[in-house]
Amino acid sequence: MKRLIFAGLLLAGWAAAIAQGPPPAPKPETLASRPGATGGEALYVEHCMSCHGANGMGTGLLARRVQPALLEARGNLPAAYVTVAMRQGIGNMPAIPRGEVSNSELKQIADYLAAGPHPPAGGGGQ
Ligand code: HEC
């Protein structure tokens with residue numbers, strides 16, 4: 001009898017979980033969702049946000065070893081560190097070549113992150 005009750009509870013919980021569905025994924029951030037972004041911020045959104053946005057794989061992997069996982073929320077990213085991470089790649093992050101992000105663009109992105117932490121822009125991203 002106890003087992004039957006247990007199985008019933010398990011089924012009920014499962015049915016409830018299915019009815020509820022997964023939580024909504026955070027909206028991806030793009031330049032369209034951050035119309036005010038300029039300079040390093042705009043370049044960051046364009047080149048890095050696909051992985052370093054709220055539900056990106058970079059954010060997910062960084063969350064295992066560093067908090068906050070969102071790069072824009074960090075206040076401890078020296079520009080030199082960001083530069084090396086971008087050009088050489090780091091862990092599971094591929095190197096970003098000059099053809100994709102020029103040296104002057106790279107400097108703007110590195111300076112933008114080094115100047116953090118930045119408040120969540122446009123109300124999203126956190
Ligand atoms: C293809 C996905 C991808 C893109 C695009 C990407 N990254 Fe990453 N990034 C990652 C991943 C994954 C990690 C975590 C590496 C690890 O620990 O394995 C990471 C880690 C980092 C780190 C290290 C943070 C730390 O605390 O050690 C920095 C800095 C960084 N990325 C900067 C950038 C910048 C700047 C850009 C844009 C030019 C960028 N990334 C674009 C995937 C990406």
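## Helix α6 and its cover

Helices α2 and α5 are among the elements that cover the buried residues of α6. The model described here is predicted. The buried residues of α6 are Glu105, Leu106, Ile109, Ala110, Tyr112 and Leu113. These residues lie on the same side of α6, because the arc they cover around the axis is only 160 degrees. The face turned away from that buried side carries the exposed residues Asn103 and Ser104.

In length, α6 comprises 12 residues, and the distance from its first C-alpha to its last is 16 Å, close to the 16 Å expected at 1.5 Å a residue. Lys107 also belongs to this helix, which runs over residues 103-114. Lys107 has 16 C-beta neighbours inside 10 Å and therefore counts as partly exposed; the limits of that class are set by 20 or more neighbours for a buried residue and 12 or fewer for an exposed one.

## The largest nonpolar core

The largest nonpolar core has 15 residues, of which Tyr44, Val82, Ile109, Ala110 and Leu113 touch the most other members. At least two residues of this core come from each of α2 (39-47), α5 and α6. The greatest contribution is that of α6, with five residues. In soluble globular proteins, nonpolar side chains tend to be buried together.

Ile109 illustrates the packing in this region. With residues up to four places away in sequence left out, Ile109 touches Gly40, Leu43, Tyr44, Cys48 and Val82. In α2, the buried residues are Glu41, Leu43, Tyr44 and Val45. The cover over these residues of α2 includes α3 and α6.

## The shell around the ligand

Around the ligand there are 23 residues, and those that come nearest are Cys48, Cys51, Gly58, Gly91 and Met93. Two or more residues of the shell are given by each of α3 (49-52), α4 (57-62) and α5 (79-88). The most are given by α4, which supplies four residues.

By class, the shell holds 17 nonpolar and six polar residues, and no charged residues. Cys48 appears both among the residues that come nearest to the ligand and among the contacts of Ile109.

## Helix α1

Helix α1 covers residues 2-20, and its end C-alpha atoms are 27 Å apart; this agrees with the span of 27 Å that its 19 residues should have at 1.5 Å a residue. The helix is hardly covered, since the count of buried residues among its 19 residues is zero. Gly21, just after α1, takes a positive phi of about 75 degrees.

Two separations relate residues of the N-terminal part to later loops. The C-alpha atoms of Ile90 and Ala19 are separated by 40 Å, and these residues are 71 residues apart along the chain. Leu70 and Ala7 are 63 residues apart in sequence and 41 Å apart in space, C-alpha to C-alpha.

## Loops between the helices

Asn55 is placed in the loop between α3 and α4. Asn55 counts as exposed because it has 11 C-beta neighbours inside 10 Å. Beyond its neighbours within four places in sequence, Asn55 is in contact with Ala25 and Pro26. The C-alpha atoms of Asn55 and Tyr44 are separated by 16 Å, with their positions 11 residues apart along the chain.

The loop between α4 and α5 contains Leu70. Leu70 has 21 C-beta neighbours inside 10 Å and so counts as buried. Ile90, in contrast, is found in the loop between α5 and α6, where it is partly exposed, with 15 other C-beta atoms within 10 Å. Ile90 and Lys107 are 17 residues apart in sequence, and the distance between their C-alpha atoms is 18 Å.

## Cis peptide bonds

The peptide bond from Gln67 to Pro68 is cis, with omega near -10 degrees. Pro68 lies in the loop between α4 and α5, the loop in which Leu70 is also placed.

Gly116 and Pro117 are likewise joined by a cis peptide bond, with omega about 5 degrees. Pro117 belongs to the segment after α6.

Terms used
Residues are numbered from 1 along each chain as its sequence is written. This is a predicted model: local features need pLDDT of at least 70, side-chain atom pairs count only at pLDDT 80 or more; totals for chains, interfaces and linings use all residues. A residue is near a molecule or strand if its C-beta atom, placed from the backbone, lies within 6 Å of it. Ala, Val, Leu, Ile, Met, Phe, Trp, Tyr, Cys and Pro count as nonpolar, Asp, Glu, Lys and Arg as charged, and the others, Gly among them, as polar. A nonpolar core is a set of buried Ala, Val, Leu, Ile, Met, Phe, Trp, Tyr and Cys residues joined through C-beta atoms within 7 Å. Two residues are in contact if their C-beta atoms, placed from the backbone, lie within 7 Å. The expected span of a helix is 1.5 Å times one less than its number of residues. The arc is that of the directions from the helix axis to the C-beta atoms.
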